[in-house]
Amino acid sequence: MLAAARAIEPQIVEDRRRIHSHPELAYEEEQTSSLVCIRLEELGIPFRSGLAKTGVVATIQGDVGSGRCLLLRADMDALPINERSGVRFASQIPGRMHACGHDAHTAMLLGAARLLLDHRSDFAGTVKLMFQPAEEGAGGAPRMIEAGALTDPPVDAAFALHVRPDLAAGKVSCSAGPQLAGADVFTITIRGRGGHAAEPHTTIDAVVVGAQVVLALQTLVAREVEPTASAVLTLGSFNAGERFNVIADTAVIKGTIRTFDNGLFLHLEQRMREVATGVASALQATAHVDLLGRCPPLVNDASMSEHIAASARSVLGADSVVAVKAEMWAEDFAFVLEKIPGAMLWLGVKSADWPRPKAIHTAEFDLDESALAIGSSAMAGVALDYLMRE
Ligand SMILES: [Zn+2]
Ligand SMILES: [Zn+2]
C-alpha cells in the first residue's frame, strides 16, 4: 500500500500545497470544499456537499458485497495566524494559516480515496469519507453528526489521523484509552464602576478586581486537583480599560479548562464560577461566567486502536509504530468517538533536518511532506483491513 501511495505522492503534495496557500477559517472553507468535490467528481466517487455549511461526505463501496461501514475523517479549517514558515507555497492570505496540518489531513484523505478505489475488489461494505469544517473549537464535528454524517449507511467504526510535530516523519502512534483532553472555553465578564483615575474611591476598578480573579483561579489546579490527575485552567486573554487616566468599568477574561476526567471537569467548572463570582462580589463588582460548550476527551477504543496499530505495522514496518504520551490538546473527533468505536492515529511529521519540532498552532509550523504518502497509506490500509476482516 505504501508503494502505491508513493506513486500518487505528487498529487497528494499538490493538493496539500494548494489548500495550504489558501487557508480558510471555520465554516468559510468554500475553496477547500470545492477542491474536495472536484477531486471526488474526477474519481467518480458519489458525495453529498453542504453538510454543516462546507462539509462533504462521500462513500466508496467495496465490490465484494454488503458489509460494515468505516468512517475516515479529515478536517479542513485553518487558524487566524500570520504564517512565517518560509515555505514557498505559504499562505497567500494575511492572518490565515494552516498551522494545525488540516490541509495535509484533507489531501491525505483524498489520497486514501484514490488508493481505495484501486482496491474495491478486495473489500465488502462501505468506506465513508468525512471532510468536516470548523475543527478548531467551532463545533464542526457535532454539526456534521447532526447533519447525518454517521447515518445512511450507519457507521460501525471511525478512524482519523492527526499530524504530530514532535514525532519523526516515518513514525506513527496509536494507543488505547484517553489521548487528548476534554476542553471548554469560558469568558468571565467583570463589571465594576468606571471613573476618573484621580478619584478611585468613587469607582469599582475592574482591572484590580480582574487581577484578583486571575490570581485566585491559579489555586484551583494547584490546590484542588489531586496531584496525580491532569488538569489545565489557562487564562489566555485579559482585556480591560482604554486610557491611563480612566478607571475601567469592565474587564473580560477568556480561558480554557481541560481534563481527561468528566467529573473533574465539572468540579473545575463549578469552582471557576464560584471563585470568579465570589472574588468579584467581595470587591463590590459582579462577574458573569459564560461557557462555550464542552468538547469531550478523545478516547481511543481498545480493539480499534489495536487494529489500527497492527495495520500500520504491516504497512509501514514494525519499528514505525511507537508510543507517545497523552496531551492536553483537544480534538472534536472526540464527538464521533463518543458515539462510534474508533481511534485517532498520530502521524509523525518532523523532518530529520529540523533540530526542534515546528509546533502546531505557531506561525513557524511546517511538516515533512514525505509523511503524506504514509498517512494516505495508513488510512487506506486501516480501511481495507477492517472491511476485509471476518
Ligand atoms: Zn489545532
Ligand atoms: Zn488539528
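**Entry 1: ground rules**

Helices here are DSSP runs of H or I with at least four residues, strands are DSSP runs of E with at least two, and both are numbered from the N terminus. I am working with a predicted model, in which local features need pLDDT of at least 70 and side-chain atom pairs count only at pLDDT 80 or more, while totals for chains, interfaces and linings use all residues. I number residues from 1 along each chain as its sequence is written, letter chains from A and number ligands from 1 in the order in which they are written, and take side-chain values from heavy atoms, with hydrogens and water left out.

**Entry 2: a cis bond and two positive phi values**

I looked up the peptide bond from aspartate 152 to proline 153 and found it cis, with omega near -5°. Proline 153 sits in the loop between α5 and β5 (157-168).

I then looked up phi. Tyrosine 27 is not a glycine, yet its phi is positive, about 65°. I found tyrosine 27 in the loop between α2 and α3 (30-43). Its relative accessibility is 13%, so I list tyrosine 27 as buried (under 20% relative accessible area; exposed is over 50% and partly exposed is in between, with a 1.4 Å probe and protein chains only). Histidine 361, also not a glycine, has a positive phi of about 65°. I noted these entries because most residues other than glycine have a negative phi, and most peptide bonds are trans.

**Entry 3: zinc ion (ligand 1)**

Which atoms coordinate the zinc ion (ligand 1)? I found Cys100 (SG), Glu136 (OE) twice and His361 (NE2), at 2.0 to 2.7 Å. A donor is an N, O or S atom within 2.8 Å of the metal (3.2 Å for Na, K and Ca), and water is not among the atoms, so a site may look incomplete.

I checked the angles among the four donor atoms of the zinc ion (ligand 1): they run from 52 to 151°, and the site is irregular. To count as tetrahedral, four donors need all angles between 85 and 135 degrees; four count as square planar and six as octahedral if opposite donors are over 155 degrees apart and all others between 65 and 115; anything else is irregular. For comparison, ideal angles at a metal are 109.5 degrees for four tetrahedral donors.

Along the chain, the donors of the zinc ion (ligand 1) are spaced C-x35-E-x224-H. Glutamate 136 is in the loop between β4 (126-132) and α5 (140-146), and histidine 361 is in the loop between β15 (342-350) and α10 (370-388), so the pair ties together parts that are 225 residues apart in sequence. Glutamate 136 is partly exposed at 23% relative accessible area, and histidine 361 is partly exposed at 39%.

**Entry 4: zinc ion (ligand 2)**

I listed the donors of the zinc ion (ligand 2) as Cys100 (SG), His102 (NE2) and His162 (NE2), at 2.1 to 2.4 Å. The spacing of these donor residues in sequence is C-x1-H-x59-H. Which residue bridges the two zinc ions? Cysteine 100 does, and the ions lie 3.2 Å apart. I found cysteine 100 buried, at 6% relative accessible area. Histidine 102 is buried too, at 0%.

**Entry 5: disulfides**

How many disulfides are there? I counted zero, taking a disulfide as a pair of cysteine sulfur atoms within 2.5 Å. Cysteine 174 is in no disulfide, and the nearest cysteine sulfur, in cysteine 295, is 18 Å away. Cysteine 174 is buried, with 10% relative accessibility.

**Entry 6: helix packing**

I looked up how helix α4 (residues 102-117) packs against α10: the angle is about 50° and the axes are 8 Å apart. Axes are lines fitted to C-alpha atoms, for helices over the stretch in contact, and angles run from 0 to 180 degrees between N-to-C directions. Are α4 and α10 oblique or roughly parallel? They are oblique (under 35 degrees is roughly parallel, over 145 roughly antiparallel, 65 to 115 roughly perpendicular, and the rest oblique). Their crossing is right-handed; that is, the near helix is turned clockwise from the far one by less than a right angle, whereas anticlockwise would be left-handed.

For helix α2 (residues 9-21) and α4, I noted axes that come within 8 Å and cross at roughly 150°. α2 and α4 are therefore roughly antiparallel. α2 passes α4 in a right-handed crossing.

**Entry 7: histidine 267**

I placed histidine 267 in helix α7 (residues 262-282). It is partly exposed, at 30% relative accessible area. From histidine 267 to glutamate 224 I noted 43 residues in sequence and 9.3 Å in space, C-alpha to C-alpha.
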